[in-house]
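Biologist: I am new to reading protein models. Please take one part of this one and go through it slowly with me.

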Amino acid sequence: MVPLPDHRPQNLSLGPLEAEILEIIYDLKEVTVKDVHDRILADPDRELAYASVTTVMRRLTRKGWLDCDKADRAFRWRPRISREQAQMLKSHDRLQRFLAVSSPDVVAAFADSLDVDSLDRLDAIAQRIQAVRRQREEQS
């Protein structure tokens, strides 16, 4: 399991084009705007201005998702956190929001509508939580 990263982007929610461009950057590791623009335009049904890609990449940098350096005469972008760390942060954020608005009665009401696989996953989560609690109690 990937731990929560030390760095957290300012805003975890991304628009569709931001998410698409971030996925391309995760795939390519380090990119120029041209790399991303070329990848998007590899789809013959897509049209997107080079300036739009630049704008989105600068926005992702301001939000804390990307780092940008100038090497030679080109700006190069790379992700500040890994894809797995991003998924961990988003899951953690959703869990915190869920816990902030949920009561046990509300959660129990959902249990009736869950399928067996979902209930098994909840049981597995509950068992892991119990194991973490036992481990913490043993350490204190």
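Biologist: Is Trp-77 buried or exposed? Please start there, and then take a close look at helix H3 and what surrounds it.

Modeller: Happy to! Residues count from 1 along each chain as its sequence is written, and the model is predicted, so local features need pLDDT of at least 70 and side-chain atom pairs pLDDT 80 or more, while totals for chains, interfaces and linings use all residues. Side-chain values rest on heavy atoms, without hydrogens or water.

Trp-77 is buried, because its relative accessible area is 4%. Buried means under 20%, exposed means over 50%, and partly exposed lies in between, with a 1.4 Å probe and protein chains only. Trp-77 also belongs to the 1 aromatic pair found in a search of the whole structure. Its ring and that of Phe-75 have centres 6.2 Å apart and planes at 45°, so the pair is tilted. (Rings of Phe, Tyr and Trp, with the six-membered ring used for Trp, pair if their centres lie within 6.5 Å; planes under 30 degrees apart are stacked, over 60 edge-to-face, and the rest tilted.) Phe-75 is partly exposed, because its relative accessibility is 42%.

Trp-77 leads us to H3 through Met-57. Leaving aside neighbours within four places in sequence, Met-57 is in contact with Trp-77, and also with Ile-21, Ile-25, Val-31, Thr-32, Val-33, Val-36 and Leu-66. Contact here means heavy atoms within 4.5 Å.

Now for the helix itself. Helices (H or I, at least four residues) and strands (E, at least two) are DSSP runs numbered from the N terminus. H3 covers residues 50-62, and its 13 residues should span 18 Å at 1.5 Å a residue; the end C-alpha atoms are 19 Å apart, which agrees. The expected span is 1.5 Å times one less than the number of residues.

Which residues of H3 are buried? They are Val-53, Thr-54, Val-56, Met-57 and Leu-60. These residues cover an arc of only 165° around the axis, which puts them on the same side of H3. The arc is taken from the directions from the helix axis to the C-beta atoms. On the other side of H3, Ala-51 and Arg-62 are exposed. After the helix comes Gly-64, with a positive phi near 95°.

What covers the buried side? The cover includes helix H1 (16-28), helix H2 (33-41), strand E1 (66-71) and strand E2 (74-79). Between H1 and H2, the loop holds Thr-32, which counts as buried because its relative accessibility is 13%. Apart from residues up to four places away in sequence, Thr-32 touches Met-57, Ala-74, Phe-75 and Arg-76. That loop also holds Lys-29, whose phi is near 75°, a positive value in a residue other than glycine. Lys-29 is exposed, because its relative accessible area is 58%.

Two H3 residues, Val-53 and Met-57, are also among those with the most contacts inside the largest nonpolar core, together with Ile-21, Val-36, Trp-65 and Leu-66; this core has 21 residues. H1, H2, H3 and helix H4 (83-101) each supply at least two of them, and the largest share, 5 residues, comes from H1. Such a core is a set of buried Ala, Val, Leu, Ile, Met, Phe, Trp, Tyr and Cys residues joined through side-chain atoms within 4.5 Å.
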